[in-house]
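Hi,

Here is the structure I promised to pass on. Have a look at it first, and then read my notes below.

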Amino acid sequence: MLKTIKQWLNAATDVVMPRVCPVCGKALDSDEQWLCRKCLASLPRTHYEDVDFNTMEQHFAGKVRIERATAYFFYEKGSPYASILHDIKYHSTPKMGRWLTARAVRDMEASHFFDGIDMVTAVPLHRSKLAHRGYNQSEYLARGIADALSIPYLETLKAIRPHSTQTHKGALERWQNIQGNYALNKNADLLAGKHILLVDDVITTGSTLIACATQLKAIPEVKVSLFTLAAARLE
């Protein structure tokens, strides 16, 4: 009965304020969550997790030691799928990101990418940005993975100073922009010997992930793997 009432209320809400797919703009059916079936089926997957020493892992070689790395789909500026990241980050729909990363866990199950992960953490936001935005989108992504895997989410890092936007910076400028930005939290001693999955929304140059992973690697015998919801075409 309660389920029927909820379905009726959801249907009524969709009539007044129809939910639309952020990729194509089509009104969503009652059984579609966040993305329509067509756009979800056409998601430009990277499938990095199926490739040994994939392009993303190569990107970090010689910069910071990681176990493995993958991204769920490709990000290209101007692509309709870029709106997913924009909505998650700026339009107060981080729950869409949490739903997508939980789905990514299911989609990647056969690759065993998540096997052996002990806990999940996220790239942090400085408190000034957190106050302005109201949430850390990367935390929502990380929690979606943690929930799907039934393992802990832990805040292991803190942003100790704000940095200017990375959007229009080149690789060197991005690297210089984030130097000294991150540090370990006080609970870092709990992580010794653990395999940690570090999560962010998108990888472009990788400078933020390198800075955060470098901090985590200072913990004795820790292992670090990387996951991003999206990835620019890496070279």
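Let's start with one residue: in which strand is Thr-228 found? The answer is strand E6, which covers residues 223-231. Before going further, please keep in mind that this is a predicted model.

Thr-228 has a relative accessibility of 0%, so it counts as buried. What is Thr-228 in contact with, once its neighbours within four places in sequence are left aside? The list is Met-56, Thr-70, Ala-71, Tyr-72, Asp-200, Asp-201, Val-202, Ile-203 and Leu-209.

**The sheet**

E6 belongs to an open sheet of 4 strands, and the order is E1-E6-E5-E2. The pairing in this sheet is parallel. Which strands stand at the edges? Those are E1 and E2: each has a single partner strand, so one side of each has no neighbour in the sheet. On average, and with direction ignored, neighbouring strands are turned by 20 degrees against each other.

For some background, strands of a sheet pair through backbone hydrogen bonds, and the pairing is either parallel or antiparallel.

Now the two edge strands one by one. E1 spans residues 69-74 and is mostly covered, with 6 of its 6 residues buried. E1 runs parallel to E6, and 5 bridges join the two. If you want to find the pairing in the viewer, go to Ala-69, whose bridge partner in E6 is Leu-226. At the other edge, E2 pairs with E5 over 4 bridges, again in the parallel sense. Here you can look for Thr-121, which stands opposite Leu-198 in E5.

There is a helix on this sheet too: H7 packs on it and touches E2, E5 and E6. The direction of H7 makes about 135 degrees with that of E5.

**The loop after H7**

Follow the chain out of H7 (137-149) and you get to the loop that leads to strand E3 (157-159), where Tyr-153 lies. Is Tyr-153 buried or exposed? With a relative accessible area of 15%, Tyr-153 is buried, because the cut-off for buried is under 20%.

Tyr-153 and Val-120 are 33 residues apart in sequence, yet their C-alpha atoms are 4.8 Å apart in space. Leaving aside neighbours within four places in sequence, Tyr-153 is in contact with Val-120, Thr-121 and Ala-122, and also with Glu-139, Ala-142, Arg-143 and Ala-146.

**Helices H4 and H5**

How do H4 (residues 82-90) and H5 (residues 94-107) pack? Their axes are 7 Å apart and the angle between them is about 125 degrees, which means the two helices are oblique to each other. On the H4 side the contact is made by Ile-84, Asp-87 and Ile-88, and on the H5 side by Pro-94, Met-96, Gly-97 and Leu-100. Sorted by type, the residues of this contact are 5 nonpolar, 1 polar and 1 charged.

H4 has other partners as well. The buried residues of H4 are Ala-82, Ser-83, Ile-84, Leu-85, Asp-87 and Ile-88. Besides H5, these buried residues pack against E1, H7, strand E5 (195-203) and E6. A small detail to check by eye: just after H4, Ser-92 takes a positive phi of about 55 degrees.

**Aromatic rings**

How many aromatic pairs does the structure hold? There are 5. One of them is Phe-113 with Phe-114, an edge-to-face pair at 5.0 Å centre to centre, with 85 degrees between the planes. Phe-113 counts as buried at 3% relative accessibility, and so does Phe-114 at 7%.

Phe-114 also pairs with Phe-227, this time tilted, at 6.1 Å centre to centre and 45 degrees between the planes. Why does that pair tie together parts that are 113 residues apart in sequence? Because Phe-114 lies in the loop between H5 and strand E2 (119-122), while Phe-227 lies in strand E6. Phe-227 itself counts as buried, at 0% relative accessibility. Taken together, ring pairs link Phe-113, Phe-114 and Phe-227 into a cluster.

That brings us back to E6, the strand that also holds Thr-228. If you colour one strand in the viewer, I would pick that one.

Cheers

Key
Residues are numbered from 1 along each chain as its sequence is written. This is a predicted model: local features need pLDDT of at least 70, side-chain atom pairs count only at pLDDT 80 or more; totals for chains, interfaces and linings use all residues. Side-chain values use heavy atoms; hydrogens and water are left out. Buried means under 20% relative accessible area, exposed over 50%, partly exposed in between (1.4 Å probe, protein chains only). Contact means heavy atoms within 4.5 Å. Axes are lines fitted to C-alpha atoms, for helices over the stretch in contact, and angles run from 0 to 180 degrees between N-to-C directions. Angles under 35 degrees count as roughly parallel, over 145 as roughly antiparallel, 65 to 115 as roughly perpendicular and the rest as oblique. Ala, Val, Leu, Ile, Met, Phe, Trp, Tyr, Cys and Pro count as nonpolar, Asp, Glu, Lys and Arg as charged, and the others, Gly among them, as polar. Two strands pair if DSSP finds at least two bridges between them. Rings of Phe, Tyr and Trp (its six-membered ring) pair if their centres lie within 6.5 Å; planes under 30 degrees apart count as stacked, over 60 as edge-to-face and the rest as tilted.
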